[in-house]
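The following explanation leads through a single protein chain and its ligand, moving between strands, loops and helices. The sequence and the structure are shown first.

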Amino acid sequence: MPGSVGTLQRGLVIPWPGLIEMSSTEPLPMQTQTGQTLTLARPDDMHLHLRDGTALASVLPDSVRQFARAIIMPNLKPPVVTVADARAYRERILAALPAGSDFEPLMTLYLTEKTTVADIREAAACDFIHAVKYYPAGATTNADSGVRSIARVYPVLEAMQEAGLPLLMHGEVTDAHVDIFDRETVFIEQVLSPLMDEFAGLRVVLEHITTAGAADFVAGGPARLAATITPQHLLLNRNALLVGGIQPHHYCLPVLKREENREALVALATGDCERVFLGTDSAPHGRHTKENACGCAGIYSAHTALELYAEVFEAAGALDRLQAFASERGADFYGLPRNCDTVTLVREPWQLPETLPFGDDTLVPLRAASELQWKLKTA
Ligand SMILES: NC(=O)N[C@@H](CC(=O)O)C(=O)O
Ligand SMILES: [Zn+2]
Ligand SMILES: [Zn+2]
């Protein structure tokens with residue numbers, strides 16, 4: 001539990017609660033692999049947008065098929081800002097679960113300049129809130145209520161540091177003069193790096209990293225700094241967005257970058273750094289809001305997330321590393337027990353549909369209408 005780390009002073013480096021006692025004596029699953037199948041401990045999605053209402057009902061079964069748990073992003077309209085909001089949202093998610101599912105939504109609060117120290121203490125004390133999300137105001141979808149000046153939330157960050165509650169960051173600056181392709185790099189220089197020094201015990205996840213610079217920053221960082229990586233940033237570079245016409249279904253924030261960045265992310269995800277883990281950032285938007293003169297940012301990947309990550313790891317000759325990235329490191333960082341059940345992928349080429357249902361609209365998933373090499377076996 002985030003609250004169990006103990007009371008610590010600003011400036012102290014806290015031990016991250018990564019080493020947790022396992023509640024069961026069952027041996028944990030080991031990844032096994034033949035040419036045709038790949039079995040691994042059930043993964044967790046450490047960055048997921050489930051939305052609400054009919055959209056939630058449409059997308060939730062996709063995540064439930066693949067993942068045991070997910071860190072649920074709070075950027076609803078209006079955002080999830082209080083413990084009461086998070087409790088109510090969690091209950092709506094649980095009510096929308098398919099019968100018999102034990103999927104666990106790991107809730108987060110949306111940090112605003114009005115968030116209080118009392119809100120943080122309450123969040124840390126409850127057992128279903130696992131982190132607080134930082135959106136620079138205006139940086140991304142539903143980020144209008146985000147933070148304009150980080151100094152204004154210092155007391156709240158201090159309380160989070162004391163409680164061991166992780167700060168999850170959308171890492172982009174929003175200054176009009178900063179090029180959209182440089183916004184993550186400038187964020188690391190101007191916001192994240194000073195923040196890591198100012199709060200020497202704050203636990204931070206740099207979400208959906210997209211650059212070689214971010215990969216280096218995380219790999220060279222302390223145990224209290226982690227990162228998530230999406231399937232699209234491992235699979236695609238910015239040509240996929242702009243060559244042959246604008247491809248709105250490849251538009252997300254942070255925007256896709258150059259090939260050398262994608263290669264650095266693949267090296268990080270498949271490498272030894274224990275603080276890098278799966279977070280799909282699956283962010284559904286109805287087809288008509290994407291195929292629009294002003295298309296929304298967000299890519300839907302929950303439908304085939306694990307298949308897509310498997311493709312990346314296989315292409316890198318690192319399929320044996322997938323379980324660590326998908327099922328172990330995220331749980332360790334959040335101080336959660338690792339999952340004891342397994343999922344199996346089968347090598348079986350299959351065609352993704354062009355669209356999926358999404359409330360009254362439809363949804364165009366990542367790699368729509370194309371062939372995938374791996375298929376998740378359903379029970
Ligand atoms: N990634 C995106 O492009 N969009 C996300 C928000 C976010 O994670 O930044 C969304 O909620 O649609
Ligand atoms: Zn984001
Ligand atoms: Zn996101």
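**A walk through the fold**

Tyr110 stands opposite Lys133 in strand E6. The model in which this pair is found is a predicted one. The pair belongs to the junction of strand E5 (residues 104–110) with E6, where 4 bridges join the two strands in parallel. Between these strands the chain passes through helix H3 (residues 117–125), and E5, H3 and E6 make a right-handed β-α-β unit.

E6 also pairs with strand E7 (residues 167–169), again in the parallel sense, over 3 bridges. Here the bridge partner of Val132 is Leu167 in E7. The connection from E6 to E7 runs through helix H4 (residues 154–163), and this β-α-β crossover is right-handed. How many of the residues of E6 are buried? The count is 6 of the 6 residues in the range 129–134, so E6 is largely enclosed by the rest of the structure.

The setting for these elements is a chain with 12 helices and 14 strands. Its radius of gyration is 19 Å, close to the 21 Å that the globule rule gives for 379 residues, so the chain is as compact as a globular protein of that length. Along the principal axes, the C-alpha trace spans about 55 × 55 × 40 Å. Of the 379 residues, 48% count as buried. Among contacts with a separation of 6 or more, 71% are accounted for by residues 24 or more positions apart.

Another part of the fold is an open sheet of 4 strands in the order E1-E2-E11-E14, with antiparallel pairing. Strand E1 (32–33) and strand E14 (371–376) stand at its edges, and each has a single partner strand, so one side of each is left without a neighbour in the sheet. Strand E2 (residues 37–41) is joined to strand E11 (residues 342–351) by 5 bridges, and the two run antiparallel. Within this pairing, Thr37 stands opposite Val346 in E11. In a regular strand the side chains alternate between the two faces of the sheet.

The edge strand E14 contains Leu372. Is Leu372 buried, exposed or partly exposed? With 17 other C-beta atoms within 10 Å, Leu372 is partly exposed, because the burial criterion requires 20 or more. Leaving aside residues up to four places away in sequence, Leu372 touches Thr304, Glu307, Pro349, Trp350, Leu352 and Arg367. The C-alpha atoms of Leu372 and His130 are separated by 33 Å, and these residues are 242 positions apart along the chain.

Two of the residues that Leu372 touches, Glu307 and Arg367, lead to further features. Glu307 is one of the buried residues of helix H11, and the others are Ala305, Leu306, Leu308, Tyr309, Ala310, Val312 and Phe313. In total, 8 of the 11 residues of H11 (residues 305–315) are buried, so this helix is largely enclosed by the rest of the structure. After H11 comes Gly317, whose phi is positive, near 65 degrees.

Arg367 is found in the loop between strand E13 (361–363) and E14. Its phi is near 70 degrees, a positive value in a residue other than glycine. Arg367 counts as buried, with 22 C-beta neighbours inside 10 Å. His208 likewise has a positive phi, near 35 degrees, and is a residue other than glycine. The position of His208 is in the loop between strand E8 (204–206) and helix H6 (212–219), and His208 is buried, with 26 other C-beta atoms within 10 Å.

Where in the chain are cis peptide bonds located? A cis bond joins Lys77 and Pro78, with omega about -5 degrees. Pro78 has its place in the loop between strand E4 (69–72) and helix H2 (83–96). The peptide bond from Leu253 to Pro254 is also cis, with omega near -10 degrees, and Pro254 lies in the loop between helix H8 (239–242) and helix H9 (259–269).

Leu253 belongs as well to the surroundings of ligand 1. The residues around this ligand are His49, Asn75, Thr140, Thr141, His170, Cys252, Leu253, Asp281, Ala283, Ala297 and Gly298. Classified by type, the shell has 4 nonpolar, 6 polar and 1 charged residues.

Technical notes. Residues are numbered from 1 along each chain as its sequence is written. Chains are lettered from A and ligands numbered from 1 in the order in which they are written. This is a predicted model: local features need pLDDT of at least 70, side-chain atom pairs count only at pLDDT 80 or more; totals for chains, interfaces and linings use all residues. The radius of gyration is taken over C-alpha atoms; the globule rule is 2.2 Å times the number of residues to the power 0.38. A residue is buried if 20 or more other C-beta atoms lie within 10 Å of its own, exposed if 12 or fewer, and partly exposed in between; C-beta atoms are placed from the backbone. Two residues are in contact if their C-beta atoms, placed from the backbone, lie within 7 Å. A residue is near a molecule or strand if its C-beta atom, placed from the backbone, lies within 6 Å of it. Ala, Val, Leu, Ile, Met, Phe, Trp, Tyr, Cys and Pro count as nonpolar, Asp, Glu, Lys and Arg as charged, and the others, Gly among them, as polar. Two strands pair if DSSP finds at least two bridges between them. A crossover is right-handed if, with the strands pointing away from the viewer, the path from the first strand over the helix to the second runs clockwise.
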